[in-house]
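This report introduces a single protein chain to a reader who has not met it before. Please look over the sequence and the model before reading on.

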Amino acid sequence: MKLDHSQPLEYSTGQNNLNIFGFWIFLGAEIMLFATLFTTYFTLEHRTGNGPTGAEIFEITPVLIETILLLTSSFVIGLGIHAMRLGKIKAMISFFSITLLLGLGFLGFEIFEFVHYVHIGAGLQTSAFTASLLTTLGTHGAHVTFGLFWGLAIILQVKKRGLTPETANKSFIFSLYWHFLDVVWIFIFSFIYLKGMM
């Protein structure tokens, strides 16, 4: 395997470049998934039947906390990639660990939110609005959950193998995934929660 030392480690081989390109294609498919969920939500958001509306169930405080946790995690994983590029494994692992803890905090608030919605009568079967809302939020939450396990696997690999072109590539691709989840959340925050509160 020939290394290109003029590139960051995650881009240093032809295979690594292909992996990153392939992951961008995968993210394109993910964009289509979330675009479909958003389209469904916007089509059904006023079909509340006898159930509550967004303005009746959305609360700004937990949503703001979730947003702060996730956006901070995105910044921290950026610091982790910067540390990786500087060859600072301990700092990288620390930043990745903080990212996962922030993600876990986000997930805890999202689970609490789901339980609260069901408790106040806004379950999956209440109305088309609640079904599309919970499906959209649940899909994002499932992606975060997967990301937590993936990030943990990355940390364990870097601890075991050190920084190699392969582990750097995997770490960078994971960071792209995590940033993607943050971008999706910005859309959820803006176009579901804030719009729904108005």
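A helix is here a DSSP run of H or I that covers at least four residues, and helices are numbered from the N terminus. By that reckoning, α5 ends just before G162, a residue that takes a positive phi of about 80 degrees. The model is a predicted one, and every value below was computed from it or taken from a record.

**Overall form**

The protein chain contains six helices and zero strands. Followed along the sequence, these elements give the pattern α-α-α-α-α-α. Along the principal axes, the C-alpha atoms occupy a box of roughly 65 × 30 × 25 Å. The chain has 198 residues, 45% of which count as buried. Its accessible surface amounts to about 10100 Å², and carbon and sulfur atoms account for 70% of that area. How many of the contacts between residues at least 6 apart in sequence join residues at least 24 apart? The share is 79%.

**Record annotations**

An unreviewed UniProt entry assigns the feature "domain: Heme-copper oxidase subunit III family profile" to residues 21–197. In the model, this span is 86% helix and 0% strand, with its end C-alpha atoms 39 Å apart. The unreviewed entry also gives the feature "transmembrane region" at residues 21–43, 63–81, 93–112, 132–156 and 176–194. Residues 21–43 are 100% helix and 0% strand in the model, and 33 Å separates their end C-alpha atoms. For residues 63–81 the figures are 100% helix, 0% strand and an end-to-end C-alpha distance of 27 Å.

**Three helices in detail**

The table sets out the lengths of α1, α5 and α6.

| Helix | Number of residues | First to last C-alpha | Expected at 1.5 Å a residue |
|---|---|---|---|
| α1 | 31 residues | 46 Å | 45 Å |
| α5 | 34 residues | 49 Å | 50 Å |
| α6 | 33 residues | 47 Å | 48 Å |

For α1 the reach is close to the expected value; this also holds for α5 and for α6. Helix α6, which covers residues 165–197, nevertheless has a kink of about 30 degrees, centred on F189.

The buried residues of α1 are N16, I20, F23, L27, E30, F34, L37, F38, Y41 and L44. Against which helices do the buried residues of α1 pack? They pack against α5 and α6. One residue of α5 illustrates the contact between α1 and α5. S132 is part of helix α5, and it is classed as buried because its relative accessibility of 5% falls under the 20% cut-off. Apart from neighbours within four places in sequence, S132 contacts T40, Y41 and L44; Y41 and L44 are among the buried residues of α1.

I25, by contrast, is a residue of α1 (residues 14–44) that counts as exposed, with 53% relative accessibility. Its C-alpha atom is 16 Å from that of N169, although the two residues are 144 apart along the chain. A further pair of positions involves L64, located in helix α3 (residues 60–85). L64 is partly exposed at a relative accessible area of 38%. The C-alpha atoms of L64 and I89 are 32 Å from each other, the residues being 25 apart along the chain.

**Aromatic residues**

The structure holds 19 aromatic pairs. One of them joins F146 and Y177, whose ring centres are 5.9 Å apart and whose planes meet at 80 degrees, an edge-to-face arrangement. This pair connects distant parts of the chain, since F146 belongs to helix α5 (residues 128–161) and Y177 to helix α6, 31 residues away.

Is Y177 buried or exposed? Y177 is buried, because its relative accessible area of 2% lies under the 20% cut-off. F146 has a relative accessible area of 49% and is therefore partly exposed, this class covering values between 20% and 50%.

One aromatic cluster is formed by F38, Y41, F42, F58, F106, Y117, F129, W185, F187, F191 and Y193. Two of its members, F38 and Y41, also appear among the buried residues of α1. Y41 is, in addition, one of the residues in contact with S132.

Terms used: Residues numbered from 1 in each chain as written. Predicted model: local features only at pLDDT ≥ 70, side-chain atom pairs only at ≥ 80, totals over all residues. Heavy atoms only, no water. Expected span 1.5 Å × (residues − 1). Bend = angle between axes of the 7 residues up to and from the residue. Phe/Tyr/Trp six-rings, centres within 6.5 Å; stacked < 30°, edge-to-face > 60°. Buried < 20%, exposed > 50% of the residue type's maximum accessible area, 1.4 Å probe, protein only. UniProt positions renumbered as here; feature names shortened; annotations may be inferred. Contact = heavy atoms within 4.5 Å. Areas by Shrake-Rupley, 256 points an atom, 1.4 Å probe, with all protein chains shown as cover.
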